[in-house]
Protein chains: 2
Amino acid sequence: MDAELTTHFSHEANPTEALKAVFRRHASGVAVITTLDSEGKPVGFTATSMTSLGSNPPLATFNVARGASSWPAISNAGFVAIHTLGARNLELAKRMAADHTLRFVPEDWSAGPQGVPILHAATSVLIAKVREIHFVESNAIVVVDVSEALLGEPDDSLLYSQRAYYIPGSKLE
Amino acid sequence: MDAELTTHFSHEANPTEALKAVFRRHASGVAVITTLDSEGKPVGFTATSMTSLGSNPPLATFNVARGASSWPAISNAGFVAIHTLGARNLELAKRMAADHTLRFVPEDWSAGPQGVPILHAATSVLIAKVREIHFVESNAIVVVDVSEALLGEPDDSLLYSQRAYYIPGSKLE
């Protein structure tokens, strides 16, 4: 590294540690993605990888590990529901990232458009059709076509950073 | 929509409006991605789509419109630099999203590992090798292998939400 860079940065040569250290400095929005499994039961998981891909046509992407409990259902899904979460959904975000057998409580959700499980407390829900899935090592990138949305009560967006949940603070101008 | 859902949500049937309305309720971290063009000049752009894909091996993804000024260079890049930004980088985030001929100021950057342009003020930088690119309509999903990182002075993570920049506020527990 040249002298100029050394005054600004320390070097992390290990690729795995490099990824961890950089993502510790990056914040993400929190989403919950749900679908039905082959028996018609709801499955879902908390994701920090949901992002917009384009608006014409409207497309979004998210990533999932192919070892995840939801993967078999996601890999066979026609449609998924992508929920944005707010401050009021902290417990839901944690539950959807914990024991997969305890993620759905009957009174929390109902079947929505295309039959996908809709979590009532979310701030909004995209109903989207799985368009293509790209495998990369043991992971999958899922590309979806947006078909419609359900818009709930607004709230401060839920964020994930440094292994903890936050809400946005000061606006910078 | 069934009665239960109607009590929680309003319906947006237009797919483009659905995407916009949902992403208005989602916050994202802010990154700047840089590389060299075929003449060896620095190019780069502000991205809210940077996300981790997996840690073993360490992988990341970001999205880029194939009409963007940086696309020709990204599509031919061997390596890219993915910078995480902090509160101190607000002006940089705005500049890297504005007129592409004015994005690089000589004193702000220098050539780093693999020759990629490194912006000195970033909170950290992933140096990553382009592994594969998937075209979806007029967009591209870029998958990279992480090779190393430069770790700068920590700062509050820069966020983008509701067309404005923020820093994280209260931690929720």
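This is a short talk on how chain A and chain B meet in a predicted model.

Okay, let's start with the contact itself. Chain A puts in 85 residues, and chain B puts in 85 residues as well. In area terms, the two chains bury about 7200 Å² between them, and 65% of that sits on carbon and sulfur atoms. If you want names on the chain A side, look at R25(A), L151(A) and L172(A): they lose the most area to chain B, together 11% of what that side buries.

Now, the polar side of things. How many salt bridges are there between chain A and chain B? The count is two. One I'd like you to find on screen joins the side chains of R131(A) and E137(B), at 3.0 Å from N to O. For polar contacts, the rule picks up 29 residue pairs across the interface, with both residues at pLDDT 80 or more.

So who supplies the chain A surface? Strand β11 of chain A, residues 139-151, gives the most to the side touching chain B, with 10 residues. Sorted by class, that side of chain A has 44 nonpolar, 29 polar and 12 charged residues.

Last stop, the strands. Which way do strand β13 of chain A and strand β13 of chain B pair, parallel or antiparallel? They go antiparallel, over five bridges, and the strand covers residues 164-172 in chain A and residues 164-172 in chain B. To get your bearings there, pick K171(A): its bridge partner in β13(B) is Y166(B).

That's my tour, thanks.

Key: Residues numbered from 1 in each chain as written. Chains lettered and ligands numbered in written order. Predicted model: local features only at pLDDT ≥ 70, side-chain atom pairs only at ≥ 80, totals over all residues. Heavy atoms only, no water. Contact = heavy atoms within 4.5 Å. Buried area = accessible area lost by both parts, 1.4 Å probe. Salt bridge = Lys/Arg side-chain N within 4 Å of Asp/Glu carboxyl O. Polar contact = N/O pair within 3.5 Å; in protein donor to acceptor, adjacent residues only side chain to side chain. Helix = DSSP H or I, 4+ residues; strand = E, 2+ residues; numbered from the N terminus. Nonpolar A, V, L, I, M, F, W, Y, C, P; charged D, E, K, R; others polar. Pairing = 2+ DSSP bridges.
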